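Subject: Structure handover

Hello,

Here is the structure I said I would pass on. Please open it alongside this note. My findings follow below.

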Amino acid sequence: MYTIQANASGTRTIEVTESNLQTIKKYSLLMQIADSTGNISVEALDKLRFTVRSLIASQEEDSKALLELCLVLYNDNMKPLGLGNLIECYNNWERTTAAPAEEQTEE
């Protein structure tokens, strides 16, 4: 489990699970979420929320993983800063999970 900071003062946090990060990766949800300057805005957060909602609505299979991700994205404390920290957490997680796979292929 990972904890991301949701506000600038550090008094609010949001818990992110390994399953949440795997869901983000499966659906490539964070691709091109930041604007051209790298800023995360309220509009970007709303876009991500709407994307997840439409994925849930269009799926015929079990969407439990997406619903669990909604608990993170629709958390009362989730703001653009929190989304930026989620992206950073995801990038760190992806690097650490990719590194062992690279070591295995080299051997």
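A salt bridge here is a side-chain nitrogen of Lys or Arg within 4 Å of a carboxyl oxygen of Asp or Glu. The structure holds two of them. Before the details, some ground rules. This is a predicted model, where local features need pLDDT of at least 70, side-chain atom pairs count only at pLDDT 80 or more, and totals for chains, interfaces and linings use all residues. Numbering runs from 1 along each chain as its sequence is written, and side-chain values use heavy atoms, with hydrogens and water left out.

Salt bridges

One pair is D46 and R49, with the closest N and O atoms 3.9 Å apart. R49 sits in helix α2, residues 42–58. Helices (H or I, at least four residues) and strands (E, at least two) are DSSP runs, numbered from the N terminus. D46 and R49 are three residues apart in α2, so about one helical turn separates them. Their exposure is as follows. R49 is buried at 14% relative accessible area, while D46 is partly exposed at 28%. Buried means under 20% relative accessible area, exposed over 50%, and partly exposed in between (1.4 Å probe, protein chains only). What does R49 touch, leaving aside neighbours within four places in sequence? R49 is in contact with L73, Y74, N75 and M78. Contact means heavy atoms within 4.5 Å.

The other pair is K64 and E68, again with the closest N and O atoms 3.9 Å apart. Both lie in helix α3 (residues 64–73), four residues apart, so about one helical turn separates them. E68 is partly exposed, with a relative accessible area of 28%.

Strands

β1 (residues 2–5) and β2 pair in the antiparallel sense over four bridges. Pairing requires at least two DSSP bridges between two strands. Q5 has T13 of β2 as its bridge partner. Side chains alternate along β2, residues 13–16. I14 and V16 point to one face and are buried; T13 and E15 point to the other and are not.

Helix α1 and the loop after it

Which residues of α1 (residues 18–27) are buried? They are N20, L21, T23 and I24. Seen down the axis of α1, the buried residues fall within an arc of 155°, so they line one face of the helix. That arc is taken from the directions from the helix axis to the C-beta atoms.

Look next at the loop between α1 and α2, which holds S28 and Q32. S28 comes just after α1. Phi of S28 is near 50°, a positive value in a residue other than glycine. Q32 is also a non-glycine residue with positive phi, near 55°. S28 counts as partly exposed at 44% relative accessibility, whereas Q32 counts as exposed at 72%.

Core

A nonpolar core is a set of buried Ala, Val, Leu, Ile, Met, Phe, Trp, Tyr and Cys residues joined through side-chain atoms within 4.5 Å. The largest one has 25 residues. Those with the most contacts inside it are I24, L48, V52, M78, L83 and L86. At least two residues come from each of β2, α1, α2, α3 and α4 (80–106). α4 gives the most, with six residues. Leaving aside neighbours within four places in sequence, L86 is in contact with I4, V16, I24, L73 and M78.

Best wishes
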